Amino acid sequence: MLDAAARWPLGVAGAAANRNIVNAPAIATGDALIIVDPQNDFLPGGTLAVAEGNRIFAPINALAPRFPRVYATRDWHPRDHAYFQAQGGPWPYHCIANTPGAEFSALLERAHVDVVISKGTERETDGYSGFAGTDLAQRLQHDGVRRLFVCGLATDYCVKATALEGVAHGFEVYVLVDAIAAVNLAPGDEEAALEAMRRGGARLIVSAHLR
Ligand SMILES: [Zn+2]
């Protein structure tokens, strides 16, 4: 019924995700595009690069002007962040506040972004979710947002955490499977993340199907 997976290559998870794609709604008042962490350090050449990260920008730049509100989150870490390997955490240095690696990619058409949300700004907070330790929920409610359309980086961490916490906050959440990309530290992480989001109440859609 829906287009072939070749239209939106999704790495190892493509085939499985294709079975779980639902029809996309029409974009309406009360909808917000949530662009998760489109930052240099998560892209090829960055310190924590997602191999296929650059693929998110074509669909995101095409979609952003069509949404009433566009929010972008960013990792904005202190240098002594507890989640860096230097402090015994899992990650290499990335997205340290006010460094080039933390800047939004030049591939993102920045003019379409209405609100920037910084996260992971405290030493002890991982900052995976755009809601964690931020005022994102309040901003969305204040702006009259009811449905979130989540895209960006990375599928298996911040996209997943943001989508699931969006559901927990009572929003209707859609994940744009052609506008996300995964770290895949372990094989299968991407597929597991998509399944976790779907089971958690988020709906998987393809951006080209948005009317
Ligand atoms: Zn981080």
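## Helix H5, its packing partner and the nonpolar core

Helix H5 has Glu 190, Glu 191, Ala 193, Leu 194 and Met 197 as its buried residues; a residue is buried if 20 or more other C-beta atoms, placed from the backbone, lie within 10 Å of its own, exposed if 12 or fewer, and partly exposed in between. Viewed down the axis of H5, these buried residues fall within an arc of 160 degrees, so they line one face of the helix. The arc is that of the directions from the helix axis to the C-beta atoms. The model is a predicted one, in which local features need pLDDT of at least 70 and side-chain atom pairs count only at pLDDT 80 or more, while totals for chains, interfaces and linings use all residues. Residue numbers start from 1 along each chain as its sequence is written. Helices (H or I, at least four residues) and strands (E, at least two) are DSSP runs, numbered from the N terminus.

H5 (residues 189–199) packs with H4 (residues 155–168) at an angle of about 0 degrees, and their axes are 10 Å apart. Axes are lines fitted to C-alpha atoms, for helices over the stretch in contact, and angles run from 0 to 180 degrees between N-to-C directions. H4 and H5 are therefore roughly parallel to each other, a term for angles under 35 degrees. On the H4 side the contact involves Thr 155, Asp 156, Lys 160, Ala 163 and Leu 164, and on the H5 side Asp 189, Glu 190, Ala 193, Leu 194, Ala 196 and Met 197. Residues are in contact if their C-beta atoms, placed from the backbone, lie within 7 Å. Just after H5, Gly 201 takes a positive phi of about 110 degrees.

The largest nonpolar core has 55 residues, and Val 150, Cys 151, Ala 154, Val 175 and Leu 176 have the most contacts inside it. Such a core is a set of buried Ala, Val, Leu, Ile, Met, Phe, Trp, Tyr and Cys residues joined through C-beta atoms within 7 Å. Strand S5 (residues 172–181) gives the most to this core, with eight residues. Ala 154 lies in the loop between strand S4 (147–153) and H4, and the peptide bond from Leu 153 to Ala 154 is cis, with omega near -15 degrees.

Two loop residues other than glycine have a positive phi, as tabulated.

| Residue | Phi | Loop | C-beta neighbours inside 10 Å |
|---|---|---|---|
| Asp 37 | about 50 degrees | between S1 and H2 | 30, buried |
| Asn 184 | near 55 degrees | between S5 and H5 | 20, buried |

Note on methods
Angles under 35 degrees count as roughly parallel, over 145 as roughly antiparallel, 65 to 115 as roughly perpendicular and the rest as oblique. Two residues are in contact if their C-beta atoms, placed from the backbone, lie within 7 Å.
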